[in-house]
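Subject: A structure for you to look at

Hello,

Here is the structure I promised to pass on to you. Have a look at it first, and then read on for what turned up in it.

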Amino acid sequence: MKNIKWVFVLYSLLALLSMFAIGISVGLRSVIGILASIALLIIVMGFGFKTKKKMRDEGTL
């Protein structure tokens, strides 16, 4: 835990916010909000996994 990878902290916070947005959209009964939040979650998680693979291949992880 000596070297914090801040990009992963950012990705996890963005994923958390999109999960919060899903819950808020369900509470508001907004289908568009639910679908947009799920799409955002998939995109953010995809970028996170892509970045992790890239860093692992480069040996910086």
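Leaving aside its neighbours within four places in sequence, which residues is Ser25 in contact with? They are Ser30, Gly33, Ile34 and Ser37. Ser25 itself sits in helix α1, which covers residues 6–28. Its relative accessibility is 10%, so Ser25 counts as buried, because the limit for that is under 20%.

Please keep in mind that this is a predicted model.

Now for the overall picture. The chain has two helices and zero strands. You have just met helix α1 (residues 6–28), and helix α2 takes in residues 31–58. If you fit principal axes to the C-alpha trace, the chain spans about 45 × 20 × 10 Å along them. Its radius of gyration is 14 Å, while a compact globule of 61 residues would have one near 10 Å. Buried residues make up 18% of the 61 residues, and Ser25 is one of the buried ones. The accessible surface comes to about 5000 Å², and carbon and sulfur atoms account for 73% of that.

How do parts that are distant in sequence come into contact? Take the contacts in the chain with a separation of 6 or more: 55% of these are between residues 24 or more positions apart.

Val7 is a good residue to try on screen. Val7 is in helix α1, and with a relative accessible area of 31% it is partly exposed. Apart from neighbours within four places in sequence, Val7 is in contact with Thr51 and Met55. You can also check the pair Val7 and Lys52: they are 45 residues apart in sequence, and their C-alpha atoms are 9.7 Å apart in space.

Val26 makes a nice second case. Val26 lies in helix α1 too, and its relative accessible area of 48% makes it partly exposed. Val26 and Thr51 are 25 residues apart in sequence, and from C-alpha to C-alpha they are 30 Å apart in space.

Next, the surface. A nonpolar patch of about 1100 Å² is found there, and the residues that make it include Trp6, Leu13, Leu17, Phe20 and Leu28. Leu17 lies in helix α1. Is Leu17 buried or exposed? Leu17 is exposed, because its relative accessible area is 52% and the cut-off is over 50%.

There is a charged pair to find as well. Side chains of opposite charge can pair when their charged atoms come close. The structure holds one salt bridge, in which the side chains of Lys53 and Asp57 meet at 3.0 Å, N to O. Lys53 and Asp57 are both in helix α2, four residues apart, which is about one turn of the helix. Asp57 has a relative accessibility of 58%, so it counts as exposed.

Last, a note from a record. UniProt, in an unreviewed entry, lists residues 31–49 as "transmembrane region". In the model, that span is 100% helix and 0% strand, and its end C-alpha atoms lie 27 Å apart.

Enjoy exploring, and do write back with any questions.

Best wishes

Terms used:
Residues are numbered from 1 along each chain as its sequence is written. This is a predicted model: local features need pLDDT of at least 70, side-chain atom pairs count only at pLDDT 80 or more; totals for chains, interfaces and linings use all residues. Side-chain values use heavy atoms; hydrogens and water are left out. The radius of gyration is taken over C-alpha atoms; the globule rule is 2.2 Å times the number of residues to the power 0.38. Buried means under 20% relative accessible area, exposed over 50%, partly exposed in between (1.4 Å probe, protein chains only). Contact means heavy atoms within 4.5 Å. Accessible areas come from the Shrake-Rupley method with a 1.4 Å probe; for residues, only the protein chains shown count as cover. UniProt positions are given in the numbering used here, feature names are shortened, and annotations may be inferred rather than shown by experiment. A salt bridge is a side-chain nitrogen of Lys or Arg within 4 Å of a carboxyl oxygen of Asp or Glu. Patches are made of residues with over 30% relative accessible area and no salt bridge: like charges are joined within 9 Å, nonpolar side chains (Val, Leu, Ile, Met, Phe, Trp, Tyr) within 5 Å.
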